[in-house]
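Q: Could you take me through one helix of this model in detail, with its shape and its surroundings?

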Amino acid sequence: FVARGFVVGQEPIPGPSMYSADYDDETCRQFLNPDHLGDSVLERAKTFFELLEQKGEVASPDLVAALGVKGARSVPANLTNPLKKRARKMNITVPWTETATPDGLRTVWHDRDGIASRMVKAIEQERKSRGLG
C-alpha cells in the first residue's frame, strides 16, 4: 500500500533515519519540502499546527471548522494522510499524537513535545519561500 501512496500506520519503517523524530529545525524544514508537500497541504498544515501550538490539542469538529472541509472524513485526505506519508518517507513518527474523545466518537490531535511551535515557524518560512505569504 505504501508504494501506491496509502499509509496504513503512522509508525516509521524500522531502521535508521537521518532526521530527528523530535523535529529539530532541519527536520521541520525537510518535512515541508515542496517536492513532497503541495501548497494546499502546507496551508492546511499551517492551520493545524497553529491550533496545536495555541491550545495543545484540537478535536475533529474544531479542526473541520478551521480547515473549512466537508466533515471529519475529509481531514485524512486533505491533511493527515499527506503528513503521515511524508513522515513515513522520512522514516520518523508523525509530529503529533492522537487520542479519542471519551465517547470514542471523535479524534483529538495533541501537540507532541512542543513540535507544533517549531512546525509553525518552519511553515511560515516555507510559505515565504513559496511566495504564499
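A: Happy to; here is a close look at helix α4 and what packs around it. This is a predicted model, in which local features need pLDDT of at least 70 and side-chain atom pairs count only at pLDDT 80 or more, while totals for chains, interfaces and linings use all residues. Residues are numbered from 1 along each chain as its sequence is written, and side-chain values use heavy atoms, with hydrogens and water left out.

Helix α4 covers residues 74–90 (helices are DSSP runs of H or I with at least four residues, strands runs of E with at least two, numbered from the N terminus). From first to last C-alpha, its 17 residues reach 24 Å, close to the 24 Å expected at 1.5 Å a residue (that is, 1.5 Å times one less than the number of residues). Even so, α4 has a kink of about 45° at T80, shortly before the proline P82 (the angle between axes fitted to the seven residues ending there and the seven starting there). After α4 comes N91, with a positive phi near 65°.

Among the buried residues of α4 are L79, P82, L83, R86 and M90 (buried means under 20% relative accessible area, with a 1.4 Å probe and protein chains only). The buried residues of α4 pack against α1, α2, α3, β2 and β3 (contact means heavy atoms within 4.5 Å). In α2, V41, R44, A45, F48 and F49 meet N78, L79, P82 and L83 of α4. From α1, which contains Q30, that residue touches R86 and M90, as well as Y19, leaving aside neighbours within four places in sequence.

Note on methods: Axes fitted to C-alpha atoms, helices over the stretch in contact; angles between N-to-C directions. Buried < 20%, exposed > 50% of the residue type's maximum accessible area, 1.4 Å probe, protein only.
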